[in-house]
Structure formats: C-alpha cells, structure tokens
Amino acid sequence: MLRSLYTAATGMQAQQLRLDITAHNLANASTTGFKKGRADFEDLLSETIRPATGPQAGNGGSPTPLEVGLGTRLSSTTRFLAQGDMVATNNPLDVSIEGNGFFAVQRPNGDAAFTRAGNFRVDATGRLVTAHGDLVEPGITVPQEALSVAIKPDGVVQAQVPGRGEPVQLGVLELVTFTNPGGLESMGNNLLRATEASGEPQRVRPGEDGTGALAQGYLEGSNVEAATEMIDMIVTQRAFEMSSKVIQTTDQMLQKLTNLR
C-alpha cells in the first residue's frame, strides 16, 4: 500500500513539472525566436520481488520476473528547434535566420552568448547590438550619416553614405552552429550559452555548411503552437488527477485495513 502512495506521488510531481514547462511555452508564444520545450520522463528503478530464472530440475523456472515499478521522474527537457513563423516588420535592423544557426553576441562581462532573436538596434556609438545592449559578433558599426542599411542573405552588411555612389561595406554577419544545439543552456533574455554537451561553436557564413540565409526586415516568431500546448495542458491535468485518485484509493484501502477486527 505504501508503495502505491509513493509511486502516485512521483506521478503527481512529474505532471506538475510538465505543466510548468507547458506554462513557460504558452507564456513565450509571442517571444521573438523562442523555441518551445518538451518534458521527457523515465520510469524509476523497479523493485524486483522475484527475478527471472532459466529452466531448473523438475520445473520450467521463471521465464519472466516479478517486478513492481516505483513511479516516474523528469529526465530532461528537449528544446524544439523547428523554424518559427516569419513576421514582416519592414525594420532594416530586424534580421531573421531562415534555417539553422544562431547569432553570436558578447555579454557586458565579455562572455559569449547565442540567440535566434534578430531584433537588433544601434547604440550611441553606432555599434550593432541586441535589444538588451549585447554586442553583436562580429562587431559592425553603422556610420551616423548612413542613409540606409542593407543586410544581404549571405550576411554582408552595407550602408548608403552621402557622397558615395556605391554602398559601403560595413562587415559580414556570421552564424554559429553546434554539434548538439539541444545541449545549449538557456540564460534568459532570448540568450543561450554553450555547454560541454552542445560542443564548441563553429562560425560560418550564412547559407554555408547547412546554415540558413538571412532575411532583412523580418523576425522569427516563436514556434509555440497554442492549440497543441492547450491539449498538452488538458492531458497533464487528467494525468495529475488520476495519480491523485490512486492516492485517495490507497488511503481508503488503508482505512479499511486498520478497521479490520
């Protein structure tokens, strides 16, 4: 009886964590470049009451074991890297990645970070930065007198400057790829950091080595599908209720046992 109480409790805790992840997905349904997560579960070590055995003298043995499971737990969260919807903004400093890859940025403390959010800005010195002021790598500075800025699909950044007939090249935006992008760690503010699981970042030109091309004047929306998340929320609620029902049933059975005379 006590085993079923513990097992059902692990189920309730697991579904609570699953609901937390679903809530996070829904909260970021409008976040630029957000990638939804999924809860992955695994069963806990089963208790073996009787192991399986081979044929023995006088009987056929036990071809299957007698085991009782001890519940479940959250093993990991999987980040879905599928492309989000392209949203037209007509802002020349908004850039979307059509395919694989991440933008590289430098944090104020010098640490490297990576993002899919291309809603860039220009700071007081003309440097290209993120919405939080992190410097976009490699560094690109837009002249104050620039009339317009063009970002090509291959990452080339050009500006039209008064007195110059041809656009001036300001630099080249690069993308970063990882052997295992699912191993990146979230930092908040639409940023990710590299880990031992993700592998070392590899800088490449947009459109090369399997990376996507850049689209100026567009932003990548979240890949969260509200309808799917709502269905997951209902399924999670029902699973939580079933685990709680197991606890109630076990409690009733224990009450009957204690009342036996």
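Two strands count as paired if DSSP finds at least two bridges between them. In this predicted model, strands E7 and E8 meet that criterion, pairing in the antiparallel sense over 4 bridges.

**Hairpins**

Within the E7 and E8 pair, Gln106 stands opposite Ala112 in E8. The hairpin formed by E7 and E8 has 5 residues between the strands, and Gly110 takes a positive phi near 95° there.

Strand E12 (residues 148–151) and strand E13 (residues 156–160) also pair in the antiparallel sense, over 4 bridges. Here Ser148 stands opposite Gln160 in E13. The hairpin of E12 and E13 has 4 residues between the strands, with Gly155 at a positive phi near 95°. Which residues of E12 lie on its covered face, and which on its uncovered one? Val149 and Ile151 form the covered face, whereas Ser148 and Ala150 form the uncovered face. In a regular strand the side chains alternate between the two faces of the sheet.

**Aromatic contacts**

A search of the whole structure finds 3 aromatic pairs. The ring planes of Phe103 and Phe120 stand at 75°, with the centres 5.0 Å apart, so this pair is edge-to-face; the cut-off for that class is an angle over 60 degrees. The pair links distant parts of the chain, 17 residues apart: Phe103 belongs to strand E7 (residues 102–106), and Phe120 to the loop between strand E8 (112–115) and strand E9 (121–122). Phe103 counts as buried because its relative accessibility is 0%, and Phe120 counts as buried because its value is 1%; the limit for buried is under 20%.

The rings of Phe114 and Phe178 are likewise edge-to-face, because their planes stand at 85° with the centres 5.0 Å apart. Phe114 lies in strand E8 and Phe178 in the loop between strand E15 (175–177) and E16, so that distant parts of the chain, 64 residues apart, are linked by the pair. Both Phe114 and Phe178 are buried. Ring pairs join Phe102, Phe114 and Phe178 into a cluster.

A contact of another kind involves Lys36, which lies over the face of Phe80 at 5.3 Å from the ring centre.

**Pockets**

The two pockets are set out below by volume and by lining composition.

| Pocket | Volume | Nonpolar lining residues | Polar lining residues | Charged lining residues |
|---|---|---|---|---|
| Largest pocket | About 480 Å³ | 7 residues | 14 residues | 5 residues |
| Second largest pocket | About 200 Å³ | 5 residues | 5 residues | 2 residues |

How many residues line the largest pocket, and which lie nearest its centre? The lining comprises 26 residues, of which His24, Phe34, Lys35, Arg79 and Ser186 lie nearest the centre. Several elements each supply at least two residues of this lining: helix H1 (2–27), strand E1 (37–43), strand E4 (72–79), strand E16 (185–188) and strand E17 (191–193).

The lining of the second largest pocket includes Lys35, Leu81, Ala82, Gln83, Arg116, Thr177 and Pro181. Gly99, Asn100 and Gly101 are also among its lining residues. Phe102 and Phe178 line this pocket too, and these two residues belong to the ring cluster that contains Phe114. Lys35 is found in the lining of the second largest pocket and is also one of the residues nearest the centre of the largest pocket.

Methods. Residues are numbered from 1 along each chain as its sequence is written. This is a predicted model: local features need pLDDT of at least 70, side-chain atom pairs count only at pLDDT 80 or more; totals for chains, interfaces and linings use all residues. Side-chain values use heavy atoms; hydrogens and water are left out. Buried means under 20% relative accessible area, exposed over 50%, partly exposed in between (1.4 Å probe, protein chains only). On a 1 Å grid over the protein atoms alone, a cavity is a set of points where a 1.4 Å probe fits but cannot get out, and a pocket is an open set with protein on both sides within 12 Å along at least five of seven lines; lining residues have an atom within 4 Å of a point. Grid points are joined across faces, edges and corners, and a volume is the space filled by probe spheres set on the points. Ala, Val, Leu, Ile, Met, Phe, Trp, Tyr, Cys and Pro count as nonpolar, Asp, Glu, Lys and Arg as charged, and the others, Gly among them, as polar. Rings of Phe, Tyr and Trp (its six-membered ring) pair if their centres lie within 6.5 Å; planes under 30 degrees apart count as stacked, over 60 as edge-to-face and the rest as tilted. A charge sits over a ring if NZ of Lys or CZ of Arg is within 6 Å of the ring centre and within 35 degrees of the ring normal.
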